[in-house]
Amino acid sequence: MNVVMINGSPRAKGNSDLLCDEFARGARESGHTVEKISLREHTVYPCKACYACFQTGKCVQKDDMASIIDKVKQAEVLVLASPTYFMTMSGQMKIFIDRLLPEWQGLGGKEVYVIVTGHDGKAGLKRTAGDLVDIFDYLGNHVNPVIWGEGVWKKGEVLGTKAMDEAYQAGKKLGNSRRMGI
């Protein structure tokens with residue numbers, strides 16, 4: 001399967017990165033192809049709400065989002081990872097979501113995984129996870145159980161937590177839930 005990971009963390013080698021890498025390790029070991037796109041490494045401007053994309057199917061802005069959307073469209077599996085800031089997804093992830101507008105109706109039928117990190121427990125991460133799950137479920141995707149990187153704040157705190165094993169196992173078992181009809 002073709003896996004595309006969208007990492008919305010502004011911090012390199014942080015907890016979201018580590019969980020993405022662990023998911024990718026499991027997926028690669030099972031023979032899947034994986035590409036991780038760290039939004040912090042790309043230029044993605046906020047949506048201008050000009051709605052030109054309704055006429056042309058393409059955004060008028062010239063940045064990295066067009067190539068990112070192409071990769072998302074080709075993905076069979078989409079992994080979305082975001083730290084939680086003030087009880088919601090990172091700004092980078094929100095801008096990414098908004099910029100999906102030109103292809104919004106054609107992004108269904110994928111297997112989706114959500115990874116959420118933050119210093120709070122699940123109660124404090126729930127909104128971020130819920131928003132990402134709801135968006136991609138609404139589009140007609142199969143959204144798997146959330147991988148909760150809870151209680152982590154400083155770089156590397158996620159190491160040794162159950163979230164690391166959950167991320168690895170999710171990648172390793174990729175596609176099994178859909179084949180089993182779950």
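**Exercise 1. Find what share of the 182 residues in the chain is buried, and judge whether the overall dimensions fit a compact globule.**

Solution. Begin with burial: in this predicted model, buried residues make up 47% of the 182 residues in the chain. Turn next to the radius of gyration, for which a compact globule of 182 residues would come near 16 Å; the chain has 16 Å, so the two agree. The extents can then be read along the principal axes, where the C-alpha trace spans about 50 × 35 × 25 Å. As a last step, consider the surface, whose accessible area is about 8,900 Å², with 54% of it belonging to carbon and sulfur atoms.

**Exercise 2. List the order of helices and strands from the N terminus, and state how much of the contact network joins residues 24 or more positions apart.**

Solution. Counting the elements gives 7 helices and 7 strands. Read from the N terminus on, their order is β-α-β-α-α-β-β-α-β-α-β-β-α-α. For the contact network, take the contacts with a separation of 6 or more; residues 24 or more positions apart account for 78% of these. The charges can be added to this overview, since the chain carries 24 positive and 21 negative side chains, and the centres of the two sets lie 1 Å apart.

**Exercise 3. Describe the largest nonpolar core, and identify which of its residues touch the most other members.**

Solution. The largest nonpolar core holds 28 residues, and those touching the most other members are I6, I68 and F96. The elements that give two or more residues to this core are β1 (2-7), α3 (65-74), β3 (77-85), α4 (91-98), β5 (111-118) and α5 (122-138). To see one of these residues in more detail, take F96 and leave aside its neighbours within four places in sequence: F96 is then in contact with I6, L39, M65, I68, V72 and L80. Both I6 and I68 thus appear among the contacts of F96. There is also a second, separate core, which has 22 residues and includes L18, F23, V34 and A167.

**Exercise 4. Determine where F23 and I147 lie, whether each is buried or exposed, and which residues they touch.**

Solution. Start with F23, which is placed in helix α1. The relative accessible area of F23 is 0%, and F23 is therefore buried. Not counting residues up to four places away in sequence, F23 touches V3, M5, V79, Y113, I147, A167, Y168, A170, G171 and L174. One of these contacts, I147, lies in strand β7 (residues 147-150). With a relative accessibility of 3%, I147 counts as buried as well. Beyond four places in sequence, the residues touched by I147 are F23, V114, I115, V116, A163, E166, A167 and A170. A comparison of the two lists shows that A167 and A170 are touched by F23 and by I147.

**Exercise 5. Decide whether E103 and V158, each placed in a loop, are buried or exposed, and name their contacts.**

Solution. E103 is found in the loop between α4 and β5. Its relative accessibility is 17%, and because buried means under 20%, E103 counts as buried. Apart from residues up to four places away in sequence, E103 touches G57, K58, I69 and K73. V158 belongs to the loop between β7 and α6 (162-172), and at 0% relative accessibility V158 counts as buried too. Leaving aside neighbours within four places in sequence, V158 is in contact with N15, L18, L19, V152, A163 and M164.

**Exercise 6. Explain what is notable about the phi values of K13 and Y51, and compare how far the two residues are exposed.**

Solution. The starting point is a general one: most residues other than glycine have a negative phi. K13, by contrast, has a positive phi near 60°, and Y51 likewise has a positive phi near 60°. Next, locate the two residues: K13 lies in the loop between β1 and α1 (15-29), while Y51 is in the loop between β2 (33-38) and α2 (53-56). Finally, consider accessibility, where K13 is exposed with a relative accessible area of 66%, whereas Y51 is partly exposed with 43%.

Note on methods
Residues numbered from 1 in each chain as written. Predicted model: local features only at pLDDT ≥ 70, side-chain atom pairs only at ≥ 80, totals over all residues. Heavy atoms only, no water. Helix = DSSP H or I, 4+ residues; strand = E, 2+ residues; numbered from the N terminus. Rg over C-alpha atoms; globule rule 2.2 N^0.38 Å. Buried < 20%, exposed > 50% of the residue type's maximum accessible area, 1.4 Å probe, protein only. Contact = heavy atoms within 4.5 Å. Areas by Shrake-Rupley, 256 points an atom, 1.4 Å probe, with all protein chains shown as cover. Lys, Arg positive; Asp, Glu negative; His and termini not counted. Charge placed at Lys NZ, Arg CZ, Asp CG, Glu CD. Core = buried A, V, L, I, M, F, W, Y, C linked by side-chain atoms within 4.5 Å.
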